[in-house]
Every structure is written in C-alpha cells, then in structure tokens.
Amino acid sequence: MLLSTAAGLRAQFDADGFVFPLSVLTDGEVVRYRAEAEKALDGASTTHRLHLETEWGRALASHPAIVEAVEELADGPVRIWGTLVLRKEPWSGSYVSWHQDSAYRTIGADALFSAWIALTDSSASNGCMRAIPGSHRRRLPHVNAADGENLLSHGQRIVGDVDASHAVDLVLRAGEMSLHHIDVVHSSAPNRSEVPRLGFVVRYVRAGFEWSEWPLVDPHES
Ligand SMILES: O=C(O)CCC(=O)C(=O)O
C-alpha cells in the first residue's frame, strides 16, 4: 500500500473503502489515553461524546497526526462529529454485526470519515474490525436487531447474508489507526483471547457540513 503520500492514501481509500495501518500515537500517548478510556468506561463496553465531555477525549480526537491523515483523505479541513470507545473483555462474546455506518445517520456518502484508533493491539484473535474491500459503493438495507452482545446501540445489521469471503482483518498495533468510509461494510467478532481489545473511534465531517443536533468541534482549536 502506498500510504506515505496523500494521493496513495486517497487511492487506497477510494478502491477499498478503508486504509490501514497508519501509525499515529507514541507509546506514552497509548498508555495515557488507554488509562483515560478505561476510567471513562468504568467497566462498561462502550461510551461516547468524549470529545465534548472530557479534555483528553478532545485532545485525542484533535491529535495532529490523526487529523492530518484525515484531512489528506478529505482533501480539506474537517470537524469532529462524534467519538466512541469500544472495549472487548478477554474471552467476551461482544461483537459488532455487519453494517454500514450510514445505516443510522442521514449523512451523505462523501461527508463523513471514521478513524479507529487502537489503544491495545487489535488482532483477529481479540476481535479486530473486519471490512469488505469495495463494499462502500452501494448502500444496503438494514434491520435493527439488538441483542445482549452486539456493541451497536440498536443492533443494526445488513438484511440477508453477507459474503465475507473477501473480508480483511484490520489488524493494528496499539498506537496505529485505520480510516473507514461511511458506507464500507464492516463488523467485528468476539474476543477469543486473554487480552482486551480497546478502540477509540472518531467520526469527522468536512468543514462546512451542516449539523444542528450538537456542536461540531474544530480540531485545530483544541
Ligand atoms: O470496534 C468495532 O469492532 C467496530 C467499530 C465500528 O463499527 C465503527 O467504528 O464504525
């Protein structure tokens, strides 16, 4: 993958609907943000709005290395739309069903970019994100089918069978991130290992995007 240039990053993203791995945090930052995320979770599997409610959440979502990569992809300035932490305990059945992020947001295909930042190593054995290359070109019907283990708030899942034969494991080391398109089909499996999996997700929108439900944050003003 030619991720070292903005053109390479965009070409890969346009072709697959995701890019990874991009190294963004130092070891010290991983230790700090992981401790903060664990504290905010307080034993839960998910928590959100951390960029609005905590200083560390805003700092992480505004991290220059992360924002620079997203702005290269967007080819212009972005704003922070949302943040989310997702944790899987060792040996936990928590999973994420196959879905497109657009299923639960009325946002255009070209407006939102997600960064999934690994605060622990994230591998096939502890339930890393999986994505289907090229699946971002078509929006698919979804149904809400929440169950106790699905980490998605409404259990959103694609209707019918998903052909996952070409799915890619987005394997990341702690401190690396992947970027994904709002329409890429993705999921993650339960944690079948003795180590936790912890990810901090930031959703960015292009500057100028109209949104009135909550404030959009300029990462350059943090
Ligand atoms: O963390 C996961 O396993 C899935 C995350 C996800 O669905 C997302 O960031 O859009």
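Modeller: Two strands pair if DSSP finds at least two bridges between them, and I will use the word in that sense for this predicted model.

Colleague: Okay, how many bridges are there between β5 and β10, then?

Modeller: There are five, and with them β5 pairs in the antiparallel sense with β10, which covers residues 176–181; within that pairing, Ser-114 has His-180 as its bridge partner in β10.

Colleague: And which way does β5 run against β12, parallel or antiparallel?

Modeller: β5 and β12 run antiparallel and are joined by seven bridges, with Leu-112 standing opposite Val-205 of β12.

Colleague: Are the residues of β5 buried or exposed?

Modeller: Seven of the seven residues in β5 are buried; Leu-112, Ser-114, Trp-116 and Ala-118 point one way, while Phe-113, Ala-115 and Ile-117 point the other way.

Colleague: Switching to the ligand, which residues are around it?

Modeller: The residues around the ligand include Ser-114 and Trp-116, along with Asp-101, Met-129, His-186 and Val-201, and by class the shell has five nonpolar, four polar and one charged residues.

Colleague: Which strands each supply at least two residues of that shell?

Modeller: Those are β5 (112–118), β11 (186–188) and β12 (197–206).

Colleague: Zooming out, what is the radius of gyration of the protein chain?

Modeller: The protein chain has 16 Å, which agrees with a compact globule, because with 222 residues such a globule would have a radius of gyration near 17 Å; the C-alpha trace spans about 40 × 40 × 35 Å along its principal axes.

Colleague: How many helices and strands does the protein chain have?

Modeller: The protein chain has five helices and twelve strands, and buried residues make up 41% of its 222 residues.

Conventions
Residues numbered from 1 in each chain as written. Predicted model: local features only at pLDDT ≥ 70, side-chain atom pairs only at ≥ 80, totals over all residues. Near = placed C-beta within 6 Å. Helix = DSSP H or I, 4+ residues; strand = E, 2+ residues; numbered from the N terminus. Nonpolar A, V, L, I, M, F, W, Y, C, P; charged D, E, K, R; others polar. Buried ≥ 20, exposed ≤ 12 C-beta atoms within 10 Å, placed from the backbone. Rg over C-alpha atoms; globule rule 2.2 N^0.38 Å.
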